[in-house]
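Please open the model in a viewer and keep the selection panel at hand. The tour proceeds by selection.

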Amino acid sequence: MTDNLTSKEYTPQELKEAFIKLYGGNEADVKLYSSPARINIIGEHIDYNGGKVFPASINRYLYIAIRKRSDSKILYNDARFPGSYEFDINQTFVFDKSNDYANYLNGILQQLKERGFKFDCGFEILMASNIPAGGGISSSSALECGFAYAVIDTFGFNLDRVEIAKLGQLSEHNFMNVKCGIMDQFIIATGKKNYAELLDCNTLEYEYVPLELGDYRFVVMNTNKVRKLADSKYNERRGQCEQALKILQDNGVKVKALCELAPADWEKCSAFVTDPILNKRARHCILENQRVVDAAETLKEGNLVKLGQLLNASHKSLKEDYEVTGIELDTLAETSQKQEGCLGARMTGAGFGGCAIALVHKDKLDSFIDNVQATYEKEIGYKAGFFVCETGDGVKKI
């Protein structure tokens, strides 16, 4: 589109109007969908190790406007960024770096086709995201799951929300070649306003836990250091965990995933993992999994002080044992932890840039943001981004 307003935040109605301006026709035929960002309260880098995670969908959204066409063409456009992509629904979709964000959409279409779903025509899409890209609050999963839900609903395919989450993960694995866990897609597909989700990534059993924070709010802090999951050391960490697990299994420890071990079990068998790096990686996973269980119980009890302590312990482990933080995330988290009114802070997401979260008293939000911003700019040389978030619903039709 010509009016490339990269800083503008779109409302659903504005997106609909922009859709008609771009493609013509009338508004009545256009369907609108929203897909949220997420924060993971605690439980980092354990979703692919069979652990439990504790995410919540938040009130930052990607909006998708879609309309069926009379031919077999597919048209993708983004309201905030220039560049149009055109495909044909009958083609076989393959990853192509030059297709940029369209790869996430084509990956979903290819997975649907491989499951036997038939498209009787093409469609056109206009999207607008109010989610910071590359920020570690899962803009790519919001794109996958929002698009999947929009297409499935528009074409009348029968797939439930859990299957939509699996579809997003399969697309990452098979199309994008990123061996991600399922947490991001799962919370975006199944999230509920006013709740966090305690999700067992091994079994996909999940429980909604009321997210009652009283006078406290989560502040999302974006390092503004862009990193892409596929380009990060994500796959390397995953491989190290697989090595540690194999060593344990070869020494007679009967587990299918690291996070099946309780901290007490790990104490008994950790000596088998003699490589200090692999030992640290495994230790993080096992202790982080216990922190997730403790955090859910803590929230049920309404003990926010203890929740804050668990957030701090999680960040320390991600910095020292898993080594996925970096100076930007450490500056945000450790500066936050010292501020009046902050109960705890940690990085969230894959790390190496992206976002951190802090649990802050509502009366201290302004001073908190000012103080952390000042330190961050002094240490890093540029500003971080801040926003206060609340919970939001998972993918839905508007």
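The stops below cover two sheets, the helices across them and a pocket.

The model is predicted: local features need pLDDT of at least 70 and side-chain atom pairs count only at pLDDT 80 or more, while totals for chains, interfaces and linings use all residues. Residues are numbered from 1 along each chain as its sequence is written, and side-chain values use heavy atoms, with hydrogens and water left out.

**First sheet**

Select β2, β7 and β8, an open antiparallel sheet of three strands in the order β2-β7-β8. Strands (E, at least two residues) and helices (H or I, at least four) are DSSP runs numbered from the N terminus, and two strands pair if DSSP finds at least two bridges between them. Because β2 (52-53) and β8 (206-210) are edge strands with a single partner each, one side of each has no neighbour in the sheet.

Move next to β7, residues 195-200, which is joined to β8 by five bridges in the antiparallel sense. A196 has V209 of β8 as its bridge partner. Between β2 and β7 there are two bridges, again antiparallel, and V53 stands opposite L199 in β7. Five of the six residues of β7 are buried, so the strand is largely enclosed by the rest of the structure; buried means under 20% relative accessible area, exposed over 50% and partly exposed in between, with a 1.4 Å probe and protein chains only.

In the β7-β8 hairpin, with five residues between the strands, select L204, which takes a positive phi near 65 degrees.

Now add helix α8 (residues 276-301), which lies across β2, β7 and β8 at about 45 degrees to β8. Such angles run from 0 to 180 degrees between N-to-C directions of axes fitted to C-alpha atoms, for helices over the stretch in contact, where contact means heavy atoms within 4.5 Å.

**Second sheet**

Select the open antiparallel sheet of four strands, ordered β10-β11-β9-β12. Its edge strands, β10 (342-348) and β12 (385-389), each pair on one side only. Seven bridges join β9 to β11 (residues 355-361), the two running antiparallel, and Y216 stands opposite H361 in β11. Helix α9 (residues 304-320) lies across β9, β10 and β11, at about 35 degrees to β10.

**Pocket lining**

Finally, select β9 (residues 216-222) once more: this strand gives the largest share, three residues, of the lining of the second largest pocket. By class, that lining has seven nonpolar, three polar and three charged residues.

Note on methods
Ala, Val, Leu, Ile, Met, Phe, Trp, Tyr, Cys and Pro count as nonpolar, Asp, Glu, Lys and Arg as charged, and the others, Gly among them, as polar.
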